[in-house]
Amino acid sequence: MTTFKTFSEIIGQERAIGFLKGVMGRGKIPHAYLFAGIAGIGKTTAALALTQAINCKEPVNQGACGQCQTCRQVRSGNFPDLVFIEPDRQNIKIEQIRDLNRTLSFKPISGRYRVSIIRQAEVMTDEAANSLLKTLEEPPQNNILILNVTEPLALFPTIVSRCQKVLFRPIPVRAIVDWLVNNQSLGEDKAHVLAKISEGSLGKAIRMCEVEFIKKREYLLSRLIQLPGLSSEEALEMALQHKRKHKERGSHEIGKGEWDLFDLLSIWKSWYRDLLLTKLHCPADFLINVDFSQKLKNISRHFKIENLIDSFHMVDRSQRDLLQTRNVDIMMEHTVLTLKRLASQENNR
Ligand SMILES: [Zn+2]
């Protein structure tokens with residue numbers, strides 16, 4: 001989710017924004033930036049704010065005025081010197097970088113600088129990366145490239161070394177809670193659950209509001225609580241039911257189905273984390289699923305600590321594997337059966 005904002009409207013990224021403004025103030029703007037951080041924390045929003053700031057006709061405090069013609073053009077998506085490159089299915093392909101290089105060979109149309117934002121730059125093919133590397137070695141004047149990445153280590157080191165790195169940190173829970181309470185009219189308790197479960201990603205928290213995540217979470221947790229009592233057949237069905245759901249919702253849309261499963265695994269992970277903390281007598285403030293604190297207390301009694309740790313790791317690993325694994329069904333079956341085994345009475349005696 002990307003919205004158009006000026007620097008001062010971006011929440012929870014004071015350090016990154018302060019850095020960008022500082023560079024602007026010194027007037028020596030690098031030709032390439034690497035914005036690194038998890039999804040949904042404002043990298044693209046900051047890239048757009050930077051586009052406004054460096055092209056604004058009447059900048060205020062090293063930021064955009066938000067009012068002039070250029071600012072309005074950027075906000076309405078009509079700024080001719082803004083280029084977006086996004087993955088075409090799984091990758092950013094060489095043709096996309098070749099097109100970009102062609103565009104860069106011309107002068108900017110109306111702005112001082114043309115800004116090219118490459119989202120998820122880590123999924124460039126090797127050919128695309130090599131082609132971009134040449135551009136980074138001899139960048140055409142009045143062009144700024146911004147590479148957004150969640151995994152900087154997945155990029156060629158030669159690319160990383162030619163960019164000015166800016167680190168975007170997860171947004172503090174308090175800032176997300178306040179934002180959700182003020183902008184989505186959520187109650188404090190629910191906003192707290194979303195802020196914690198989204199792990200510092202405002203974009204993810206907003207998306208969760210849109211899909212009625214809170215309601216869905218209650219259902220999914222009740223199913224997970226029933227898991228130890230299910231037969232193996234029923235447990236396998238539970239693993240594949242999520243798959244059916246994601247097929248029905250149109251898995252042809254890239255990432256959509258995976259995102260659903262990703263959410264499901266986030267919920268499970270938060271559950272085992274909370275069970276473990278409850279077992280260790282941590283205060284309720286630390287819990288994500290605050291509204292389930294009594295249930296957590298009762299259920300944690302039936303678990304050995306090491307089985308809770310293993311369950312947490314199991315879900316955590318599955319979540320990370322999700323984006324790479326082709327056979328999601330097998331992964332989910334394995335996850336559910338392992339969780340069922342770890343929750344069984346015999347294994348907790
Ligand atoms: Zn302006």
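Is Cys56 buried or exposed? Cys56 is buried, at a relative accessible area of 0%; buried means under 20% relative accessible area, exposed over 50% and partly exposed in between, with a 1.4 Å probe and protein chains only. The views below show a predicted model, in which local features need pLDDT of at least 70, side-chain atom pairs count only at pLDDT 80 or more, and totals for chains, interfaces and linings use all residues. Residues are numbered from 1 along each chain as its sequence is written, and side-chain values use heavy atoms, with hydrogens and water left out.

**Figure 1. Overview of the chain and its two domains, domain 1 and domain 2.** Domain 1 covers residues 7-167 and domain 2 covers 211-348; these bounds come from an automatic or database domain assignment. The centres of the two domains, taken over C-alpha atoms, are 37 Å apart. Along its principal axes, the C-alpha trace spans about 70 × 40 × 35 Å. The secondary structure consists of 15 helices and five strands, where helices (H or I, at least four residues) and strands (E, at least two) are DSSP runs numbered from the N terminus. Of the 349 residues in the chain, 47% are buried.

**Figure 2. The zinc ion and its cysteine donors.** The protein donors are the SG atoms of Cys56, Cys65, Cys68 and Cys71, which lie 2.2 to 2.4 Å from the zinc ion. Donors are N, O and S atoms within 2.8 Å of the metal (3.2 Å for Na, K and Ca); water is not among the atoms, so sites may look incomplete. The spacing of the donor residues in sequence is C-x8-C-x2-C-x2-C. Cys56 and Cys68 both lie in the loop between α2 (43-55) and α3 (69-75), so this pair ties together parts that are 12 residues apart in sequence. The arrangement is tetrahedral because the four donor atoms subtend angles of 103 to 117° around the zinc ion. Four donors count as tetrahedral if all angles lie between 85 and 135 degrees. Cys68 is buried at 10% relative accessibility.

**Figure 3. The salt bridge between Glu86 and Arg119.** The closest N and O atoms of Glu86 and Arg119 are 3.2 Å apart. This pair links distant parts of the chain, 33 residues apart: Glu86 is in the loop between β2 (82-85) and α4 (94-104), and Arg119 is in the loop between β3 (114-118) and α5 (126-137). Glu86 is partly exposed, at a relative accessible area of 40%, and Arg119 is partly exposed at 22%. A salt bridge is a side-chain nitrogen of Lys or Arg within 4 Å of a carboxyl oxygen of Asp or Glu, and by this rule the count is 13.

**Figure 4. The salt bridge between Arg207 and Asp263.** The closest N and O atoms of this pair are 3.2 Å apart. Arg207 belongs to helix α9 (residues 202-210) and Asp263 to helix α12 (residues 256-279), so the bridge links distant parts of the chain, 56 residues apart. Arg207 is partly exposed, with a relative accessible area of 23%, whereas Asp263 is buried at 0%.**Figure 5. The salt-bridge network of Glu199, Lys269, Asp316 and Arg320.** Within this network, Lys269 and Asp316 form a salt bridge whose closest N and O atoms are 3.0 Å apart. Lys269 lies in helix α12 and Asp316 in helix α14, so the pair ties together parts that are 47 residues apart in sequence. Lys269 is buried, with a relative accessible area of 10%, and Asp316 is buried at 15%. Arg320 is also found in helix α14, but Arg320 is exposed, with a relative accessible area of 55%. The C-alpha atoms of Arg320 and Ile225 are separated by 23 Å, with their positions 95 residues apart along the chain.

**Figure 6. The nonpolar surface patch of Leu280, Ile305 and Ile309.** Together these residues have about 220 Å² of accessible area, calculated by the Shrake-Rupley method with a 1.4 Å probe; for residues, only the protein chains shown count as cover. Patches are made of residues with over 30% relative accessible area and no salt bridge, like charges being joined within 9 Å and nonpolar side chains (Val, Leu, Ile, Met, Phe, Trp, Tyr) within 5 Å. Ile305 is placed in helix α14 (residues 305-322) and is partly exposed, at 33% relative accessibility.

**Figure 7. Leu224 and Leu339.** Leu224 lies in helix α10 (residues 213-226) and is buried, at 3% relative accessibility. Leu224 and Leu339 are 115 residues apart in sequence, and their C-alpha atoms are 9.2 Å apart in space.

Definitions and conventions:
Four donors count as tetrahedral if all angles lie between 85 and 135 degrees; four count as square planar and six as octahedral if opposite donors are over 155 degrees apart and all others between 65 and 115; anything else is irregular.
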